[in-house]
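Please find below a short note on the structure under review. The points move from one feature of the surface to the interior and then to the chain as a whole.

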Amino acid sequence: KVLHVVSMAIDRGGHTRSLYSWIVVDSQTCHSIVLTGQKGAPVPDWLIDSVSRSGGMFHSIPSSATFTQRVLDLRHVAKSGYDLIVLHHHPNDVVPLAAFAVHDLPPVAMRNHSDIMFSLGTSVADVVVEYRDCGVLLSKVRRKVCRSFMLPTPMHHIAKSGLRDAERRKLGFPDNAIVLLTVGSAY
């Protein structure tokens with residue numbers, strides 16, 4: 001049983017899609033999600049469905065709760081029978097840090113999706129999960145992280161559509177070519 005701690009799950013953006021792929025690819029595990037700062041934004045149905053199919057639960061901490069209430073709520077959820085906690089939080093979200101600054105929790109892994117930015121979370125993580133070689137280097141040199149390892153970006157098969165085939169041909173790729181696109185902001 002894995003508990004994924006997410007600041008905010010949105011329909012666009014790599015963090016939520018990557019989490020979704022993780023859940024879909026790891027279909028033998030029960031995945032649950034707790035949101036620490038959703039602030040009323042709609043949670044994508046495809047993410048809710050993936051959690052439900054895995055047998056997990058969805059929990060959103062009310063944005064109206066005080067900081068202390070949010071910390072205690074997250075800690076309570078984390079202590080309710082999980083084998084692993086994975087942080088996918090925004091680099092400035094302090095709720096998981098305060099919640100997990102105790103000793104009686106399952107192991108905590110931090111997904112380092114903001115490796116080039118100042119990031120909170122390594123102090124409560126037993127291990128830091130990296131997606132890039134330079135992230136490993138930055139974690140070891142700049143953050144003094146002792147346990148950091150690379151995990152390939154989880155990918156799941158998506159059925160081909162006619163539009164994708166047309167775009168593939170337009171770009172000059174063969175019909176059977178696998179094309180991956182990743183986009184990042186200039187920030």
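Which residues form a nonpolar patch on the surface?

1. The model is a predicted one. In it, the nonpolar surface patch is formed by L171, F173 and V179, which together have about 270 Å² of accessible area.

2. Of these patch residues, V179 lies in the segment that follows helix 6 (162-170). V179 has a relative accessible area of 38% and therefore counts as partly exposed, because that class lies between the 20% limit for buried and the 50% limit for exposed residues.

3. The interior offers a contrasting topic. In soluble globular proteins, nonpolar side chains tend to be buried together. Here the largest nonpolar core comprises 20 residues, and L3, V5, V34, L74, I85, L87 and F100 have the most contacts inside it. At least two residues of this core come from each of strand 1 (2-6), helix 3 (67-78), strand 4 (84-87), helix 4 (95-99) and strand 5 (108-111). The greatest contribution is that of helix 3, with four residues.

4. A second core, separate from the one above, has 10 residues, among them L19, I33, L35 and W46.

5. As regards the fold, the protein chain contains six helices and seven strands. Their order along the sequence is β-α-β-α-β-α-β-α-β-β-α-β-α. Among contacts between residues at least 6 apart in sequence, 56% link residues at least 24 apart.

6. The protein chain has 187 residues, of which 43% count as buried. Its accessible surface is about 11,000 Å², with 58% belonging to carbon and sulfur atoms.

Methods. Residues are numbered from 1 along each chain as its sequence is written. This is a predicted model: local features need pLDDT of at least 70, side-chain atom pairs count only at pLDDT 80 or more; totals for chains, interfaces and linings use all residues. Side-chain values use heavy atoms; hydrogens and water are left out. Patches are made of residues with over 30% relative accessible area and no salt bridge: like charges are joined within 9 Å, nonpolar side chains (Val, Leu, Ile, Met, Phe, Trp, Tyr) within 5 Å. Accessible areas come from the Shrake-Rupley method with a 1.4 Å probe; for residues, only the protein chains shown count as cover. A salt bridge is a side-chain nitrogen of Lys or Arg within 4 Å of a carboxyl oxygen of Asp or Glu. Buried means under 20% relative accessible area, exposed over 50%, partly exposed in between (1.4 Å probe, protein chains only). A nonpolar core is a set of buried Ala, Val, Leu, Ile, Met, Phe, Trp, Tyr and Cys residues joined through side-chain atoms within 4.5 Å. Contact means heavy atoms within 4.5 Å.
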